Structures are given as C-alpha cells and as structure tokens.
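Open the model in your viewer and keep the selection panel at hand. The stops below go from one selection to the next.

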Amino acid sequence: MKTIALVAHDGKKAELLAWVKQHADFFQDKQLVATGTTGRLLSEALHKDVLCLASGPLGGDQQIGALIAEQKIDWLVFFWDPLSSQPHDPDVKALIRLAVVWNIPVACNKATADFILTSALVGQDYQRTVPDFSSHNNRLTK
Ligand SMILES: O=C(CO)COP(=O)(O)O
C-alpha cells in the first residue's frame, strides 16, 4: 500500500486531518495524492509533500478516478459529507464507483479507515486482485 489518495469534503476535513495526524508515522513513507484543498491541509499537517490535484468541484475527484483506472492508487480514503449537498455530486459518485470497479480499498469514514490501517494485510504489502476487463475492452473497440 504505497500510494494513498485522500479526499475530504469541507464538513469532514477536520475529522480527516485529526485522523491523519493520529497516524502520522504510518503516512511518512507513503506517497499521498489529494484533491486541492485537502492536499494543502494534509501537507501542512504532516509536514510532507502531497500531490495536490484540482479542487474537488473543479475536477479533482475525476483526476483521482483517472489515477485509479491507471492502477496508480492503492487505497482511497474519502471522507465525503453525507449531510451536505455538493455541486459536483456526480463526480463524487463516479470516484467511489471507480474505486469499486478497480477493487481499491475505500474508507468513507473513520471507523473503516481505522480497520484498513490496522489490518494485518497492510503489513504484508497486500496485493489486491486487479480485475481483468480485457473482454470489456475488446467489446468497446469492436
Ligand atoms: O470536493 C472535494 C471532494 O469531492 C474535495 O475537494 P477539496 O479537497 O479541494 O476541498
């Protein structure tokens, strides 16, 4: 689990930052990718470089989704806010969908993030099963 994407809506940013700081040691040797504002805050909190993509409403969720489809993300931590509506809700849904399509572990709340982070599989450098979509690709190109 080397490259981790982290995203939080405004109403969940404080929770994500507190959680990340609690596990700062874990994140030190990981490559972190994030949507714009989340990434800036993470970088400040962890004193570490974070690849900051566009802000979520400006396409950041879609950029992370593209990285997932390119097999470049090992874990998505996405603290989305279930109590506020987002102008880019289709992008939010699309990002979560791609994580499921590509069998990426996804944590949408702190409890799940805790379970994944403390899983014995993380220490074993867990290799997820990458789905074989070759028949789908063939169908699309015919
Ligand atoms: O809106 C977001 C995710 O959908 C997060 O974007 P920011 O990290 O730029 O606030």
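**Stop 1: the ligand shell**

The residues of the shell around the ligand comprise three nonpolar, eight polar and one charged. Keep in mind that this is a predicted model.

Select the shell itself. Val-7, His-9, Thr-35, Gly-36, Thr-37 and Thr-38 are among the residues that surround the ligand. Add Ser-55, Gly-56, Pro-57, Gly-60, Asp-61 and Val-92, which also belong to the surroundings of the ligand.

Now colour by helix. Which helices each supply at least two residues of the shell? They are helix H3 (36-46) and helix H4 (60-69). H3 gives the most, with three residues.

**Stop 2: the sheet**

Hide the ligand and show the strands. Five of them form an open sheet, and the pairing is parallel. Read across in the order S3-S2-S1-S4-S5. Strand S3 (51-52) and strand S5 (106-107) are at the edges; each has a single partner strand, so one side of each is left without a neighbour in the sheet.

Go through the pairs:

- Select strand S1 (residues 3-8) and strand S2 (residues 31-34). Four bridges pair them in the parallel sense. Ile-4 has Leu-32 in S2 as its bridge partner.
- Move from S2 to S3. Two bridges join these parallel strands. Pick Val-33, and find Leu-51 of S3 opposite.
- Jump to strand S4 (residues 75-79) and S5. They run parallel and are joined by two bridges. Leu-76 has Val-106 in S5 as its bridge partner.

If you want to display what holds such pairs together, turn on backbone hydrogen bonds: strands of a sheet pair through them, either parallel or antiparallel.

**Stop 3: two helices side by side**

Select H4 again, this time with helix H5 (residues 89-101). Their axes lie 9 Å apart, and the packing angle is about 15°. That angle makes H4 roughly parallel to H5. The crossing of H4 and H5 is left-handed.

Show the side chains in the contact. From H4, take Asp-61, Gln-62, Ile-64, Gly-65, Ile-68 and Ala-69. From H5, take Asp-91, Val-92, Ala-94, Leu-95, Leu-98 and Ala-99. How do the residues of this contact divide into nonpolar, polar and charged? Eight are nonpolar, two polar and two charged.

**Last stop: back to the ligand**

Leave Asp-61 and Val-92 highlighted and bring the ligand back. Both are in the contact of H4 with H5, and both are among the residues that surround the ligand.

Terms used. Residues numbered from 1 in each chain as written. Predicted model: local features only at pLDDT ≥ 70, side-chain atom pairs only at ≥ 80, totals over all residues. Pairing = 2+ DSSP bridges. Near = placed C-beta within 6 Å. Nonpolar A, V, L, I, M, F, W, Y, C, P; charged D, E, K, R; others polar. Axes fitted to C-alpha atoms, helices over the stretch in contact; angles between N-to-C directions. Parallel < 35°, antiparallel > 145°, perpendicular 65-115°, else oblique. Left-handed = near helix turned anticlockwise from the far one by under 90°. Contact = placed C-beta atoms within 7 Å.
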